[in-house]
2 protein chains.
Amino acid sequence: MDIKVVRQILEWNEDCSNEIKESLNRNKVCLINVMGSPGAGKTSLIIELIKKLKDKYNIAVVEGDIAGQIDAEKIDSLGISVVQLNTEGACHIEALSIRNILGYFDLEEIDIIFIENIGNLVCPAEFELGEDLKVAILSIPEGDDKTIKYPLLFSKADAVVLNKYDMMDYFEFGDEKVEKHLKTINSEAKIFRVSSKTGEGLNLLLNFIEDKVKTKLK
Amino acid sequence: MDIKVVRQILEWNEDCSNEIKESLNRNKVCLINVMGSPGAGKTSLIIELIKKLKDKYNIAVVEGDIAGQIDAEKIDSLGISVVQLNTEGACHIEALSIRNILGYFDLEEIDIIFIENIGNLVCPAEFELGEDLKVAILSIPEGDDKTIKYPLLFSKADAVVLNKYDMMDYFEFGDEKVEKHLKTINSEAKIFRVSSKTGEGLNLLLNFIEDKVKTKLK
């Protein structure tokens, strides 16, 4: 019974996701879906990327949270258009929500939209949002077994960010172990070792994202 | 449509949860549901608690994971009965699974069962498992805004463990801020500052758990 319902939701989600894709292609907007555990550093990473991109591109953000608007306020303070999406208990963002939210933005003017998904390594991976890039964050304090325990998200990611990399000395984290396992489930994903705090590794990730953005804006 | 289905699942879950409660009361078993983000330190905390409890009580563990059995192997190496529950994609444990798993244990002999829930701050909070104690773990590296962003889990917890407390010097984490907010959503919850690594604060949590266990075993 419930499996059937989930399939229906996912099929409907796929239709919505395709509509989003068409709209973004027409308007030349690059949509980046940022996913990771609670506290993996999604907001901080998005903020650091925005700081480096905002002089060249028009950027908007969709902040997904179960409740509250703490992160949206942080983005707003950068002078960036932001919509707070409160899922009121739901553990992921669905394409329908994104399709509705796109109406709040002037897509002809915008180049990049970041989506900060709900902090969750499980459910967001199931829902395509019409995005051009999936960025999965795994922070060092979470441990090096997460790609094994939560394979779906990491198997779909275009970029895997090992975040809080400045903390490598304080936690037992085998980054080569992660890299090796990731290759078995996703041979295409690029791995970036990043610290939003120190700025380490941020430029490599930035180059990767900008390459995608430039292709989209052509 | 989907709301109706979720309600049905939750009602069914409640029936199952009540059955579990009756069985545990009859057999004098204390069930402890440990929840938290991926990488919050659920397994390590359970292992440290088991080490301190296993000479006095018969303990069993249910290890919930989307995939794999890394954590179950760790528990097994302590000589503790463990069942690995693989949810194969599902983001939480339902009472039906626990009810079925109880059949694998000799409940007349067992005093305490720990459930390690799926690493997720959202969905597990919705599903009662017939437990006597809900322990919510929030690790310092995750940040001090998590009780605000994921209120349901923390509002239902009997104990909130601020884990990896030895990392307080390395992260900006306002533990008094968390304590203050927690009081607004859950005035009953006890807060414990713990490091499974150094052992700091573990005895206070242990006393809290043992009090509950002793009441149940009377």
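This passage describes the interface between chain A and chain B, the salt bridges, and a few backbone and annotation details of a predicted model.

The contact between the two chains is a good place to start. On the chain B side, 35 residues are in contact with 36 residues of chain A. Putting the chains together buries about 2,700 Å² between them, and carbon and sulfur atoms give 65% of that area. Three residues stand out here: B:P38, B:K149 and B:Y170 supply 21% of the area that chain B buries against chain A, more than any other three residues. Polar interactions also cross the boundary, with eight residue pairs in polar contact between chain B and chain A, counting pairs in which both residues are at pLDDT 80 or more. In terms of secondary structure, helix 1 (2-27), helix 3 (70-76) and helix 5 (146-149) of chain B each supply at least two residues of the side that touches chain A. By class, that side of chain B is made up of 19 nonpolar, six polar and ten charged residues.

Salt bridges come next. The interface of chain B and chain A holds two of them, while the structure as a whole has 28 over all chains. In a bridge between the chains, the side chain of B:K149 meets that of A:D71, with N to O at 2.5 Å. B:K149 is also paired with B:D145 in a salt bridge, here at 3.3 Å from N to O, and both B:K149 and B:D145 are buried. These contacts belong to a wider arrangement, since salt bridges that share partners join A:D71, A:K74, B:D145, B:K146 and B:K149 into one network. B:K149 thus appears in this network and also among the three residues singled out above for their share of the area that chain B buries.

Within the individual chains, two further salt bridges deserve a closer look. In chain A, the side chains of A:K156 and A:E128 meet at 3.6 Å, N to O. A:K156 lies in helix 6 (residues 151-156) and A:E128 in the loop between strand 4 (112-116) and strand 5 (133-139), so this pair ties together parts of chain A that are 28 residues apart in sequence. A:K156 counts as partly exposed at 30% relative accessibility, and A:E128 is likewise partly exposed, at 27%. In chain B, B:R99 forms a salt bridge with B:E19, the closest N and O atoms being 3.1 Å apart. This pair links distant parts of the chain, with B:R99 in helix 4 (residues 95-102) and B:E19 in helix 1, 80 residues apart. B:R99 has a relative accessible area of 32% and is partly exposed; B:E19, at 41%, is also partly exposed.

The backbone offers a small point of interest at residue 28 of each chain. A:K28 has a phi near 55 degrees, a positive value in a residue other than glycine, and B:K28 has a positive phi too, near 50 degrees. A:K28 sits in the loop between helix 1 (2-27) and strand 1 (30-36) of chain A, and B:K28 in the loop between helix 1 and strand 1 (30-36) of chain B. At 38% relative accessibility, A:K28 counts as partly exposed, and B:K28 is partly exposed at 38% as well.

Finally, an unreviewed UniProt entry places the feature "domain: CobW/HypB/UreG nucleotide-binding" at residues 32-192 of chain A. Over this stretch, chain A is 30% helix and 24% strand, with the end C-alpha atoms 16 Å apart.

Notes: Residues are numbered from 1 along each chain as its sequence is written. Chains are lettered from A and ligands numbered from 1 in the order in which they are written. This is a predicted model: local features need pLDDT of at least 70, side-chain atom pairs count only at pLDDT 80 or more; totals for chains, interfaces and linings use all residues. Side-chain values use heavy atoms; hydrogens and water are left out. Contact means heavy atoms within 4.5 Å. Buried area is the accessible area (1.4 Å probe) that two parts lose on being put together, summed over both. A salt bridge is a side-chain nitrogen of Lys or Arg within 4 Å of a carboxyl oxygen of Asp or Glu. A polar contact is a pair of N or O atoms within 3.5 Å; within protein, one must be able to donate a hydrogen and the other to accept it, and residues adjacent in sequence count only if both atoms are side-chain atoms. Helices (H or I, at least four residues) and strands (E, at least two) are DSSP runs, numbered from the N terminus. Ala, Val, Leu, Ile, Met, Phe, Trp, Tyr, Cys and Pro count as nonpolar, Asp, Glu, Lys and Arg as charged, and the others, Gly among them, as polar. Buried means under 20% relative accessible area, exposed over 50%, partly exposed in between (1.4 Å probe, protein chains only). UniProt positions are given in the numbering used here, feature names are shortened, and annotations may be inferred rather than shown by experiment.
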